[in-house]
Amino acid sequence: MLVDSMGDVVITNDGATILKEMDIEHPAAKMIIEVAKTQEQHCFDGTTTAVVLSGELLKRSEDLIEQNVHPTVICEGFRLAAEKAVELLDSHGIETKNDDDVLMEVAKTALTGKSAGAVKSFMADICVRSVNAVGVIEGEQRFVDLADIKVEKRQGGSIKDSSLIDGIILDKERVHAGMPRSVKAAKIALVNSAIEVKKTEVDAKIQITDPNQLSKFLEEEENYIRGLVEKIKNSGANVLICQKGIDELAQHYMAKEGIFAIRRAKKSDMEALSKATSGKIVTNLDDLTGEDLGEAEKVEEKKIGESEMTFITGCPEAKSVSVLLRGGTEHVVDEIRRAFDDAVGVVSVAWEDGAVLTGGGSVLAALSRDLRTFAETVGGREQMAIEAFASALEIIPRTLAENAGLDPVTTLIELRKAHADGQSNAGINVYEGGVVDMRSANVLEPIRVVEQAIQSATETAVMILRID
């Protein structure tokens, strides 16, 4: 539980969040926090791994320095070891092209140990479906733009009430009570200009000498607005999402025509809507035609928790989706949001790379073993650094064992023995203790997470080592 200077409380076990919220003075510690941030930006998960690893590398190098091994030699050794480790990673990879079951397991692994762990298969399903909806395949390249997955969180209800919507949720209500609450077979006009009487750009005065002129003047304004609403109606639109304001008179006319309207939508929402409904954003109402309209099966306003929200659902070619996260209290929803962001990120990374590794410390234990063999072929003093690096990698299975309440020494010895017997997927069973095959236990994580963790931990350790 972190309490900041303002007295706001954050309850989390997401490594990056904890490090971001903490007030830290020590410069070396600040560098290690950078590692966590980078890891979070690139891979969304494995932040704790990267930090624990950097710490362990520094600890091991301290022993070497005491044995009179020069820091430059240690740096060189670490660099060689990291290169070799990344090279070996590929041989441990498991192909996942278009295999949703594997992606499900990746999401579940990322959610385990978070407070969303209790509903992990439910959340994992939402993650995989949303990534599959917005993923783009161009030739050999696969991209996921996580901005296309819009997350809205609302307290109230339970975590199980969260849902994935094939379309967009707007945190807005219709502008006029006379408008229909829900519109089926919606044709959506996305308008970027204000629907109100234009004011002159320059300061101008209008002098009226006769009362009749005043009524004419007002009538003209009224006709102008009526004209605008006519244009919208003539294009065939029955839903209007406007980025700017809508005049009260215009609201009245639209309600009469049965048009569902929303005003002052965010720019990001407009872009997401355009992607989801395949409508075009129009700046000038005169240019609005039937071709510019987006389509959705249903647009409706629902009350969620305290406030009204608009759901635009059933978009045929939705390349942008929304997830509504629910939870009992604000802190629960916030933590679910963090867990969901990690899981969705990890699934998208696995989907893009098309390869995963087994988790539970299995890959790191295997790397550690391979690196010890590699060290003997290098010789010289670098050999000691590579061996230190190999031992440092075992901190991950060791920490896992400690966190699960197992005896770290016994567990590590069991793990080493399993790997010596050729079980390269053996990892730590945190539920029952002992060692199991992680492939059959379905503990999987993307290759990029481990690769980035090893690289950034090594780079940071090397940077700190170069400082006397």
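**Exercise 1. Find which backbone nitrogen the side chain of Glu 301 reaches, and at what distance.**

Solution. The side chain of Glu 301 reaches the backbone nitrogen of Arg 174 at 2.8 Å, a polar contact, that is, a pair of N or O atoms within 3.5 Å in which, within protein, one must be able to donate a hydrogen and the other to accept it, while residues adjacent in sequence count only if both atoms are side-chain atoms. The model is predicted, so local features need pLDDT of at least 70 and side-chain atom pairs count only at pLDDT 80 or more, whereas totals for chains, interfaces and linings use all residues. Residues are numbered from 1 along each chain as its sequence is written, and side-chain values use heavy atoms, with hydrogens and water left out.

**Exercise 2. Decide whether Glu 301 is buried or exposed, and place this residue in its surroundings.**

Solution. Begin with the strand: Glu 301 lies in β13, residues 294-304, where strands are DSSP runs of E with at least two residues and helices are runs of H or I with at least four, numbered from the N terminus. Next, Glu 301 counts as buried because its relative accessibility is 5%, and buried means under 20% relative accessible area, exposed over 50% and partly exposed in between, with a 1.4 Å probe and protein chains only. Finally, leaving aside residues up to four places away in sequence, Glu 301 touches several residues, including Arg 181, Phe 260 and Met 309, where contact means heavy atoms within 4.5 Å.

**Exercise 3. Describe helix α8 from its start to the residue just after it.**

Solution. At the start of α8, a side-chain oxygen of Asp 247 comes to within 3.0 Å of the backbone nitrogen of Leu 249. Within the helix, which spans residues 248-257, the buried residues are Ala 250, Gln 251, Tyr 253, Met 254 and Ala 255, and their cover includes α7, β10 (239-242) and β11 (260-262). Just after α8, Gly 258 takes a positive phi of about 75 degrees.

**Exercise 4. Work out which helix gives the most residues to the largest nonpolar core.**

Solution. A nonpolar core is a set of buried Ala, Val, Leu, Ile, Met, Phe, Trp, Tyr and Cys residues joined through side-chain atoms within 4.5 Å. The largest one has 36 residues, and Phe 78, Leu 367, Leu 371, Phe 389 and Ile 454 are those with the most contacts inside it. Several elements each supply at least two residues of this core, among them α3 (47-66), α4 (71-92) and α15 (447-465), and α4 gives the most, with 8 residues.
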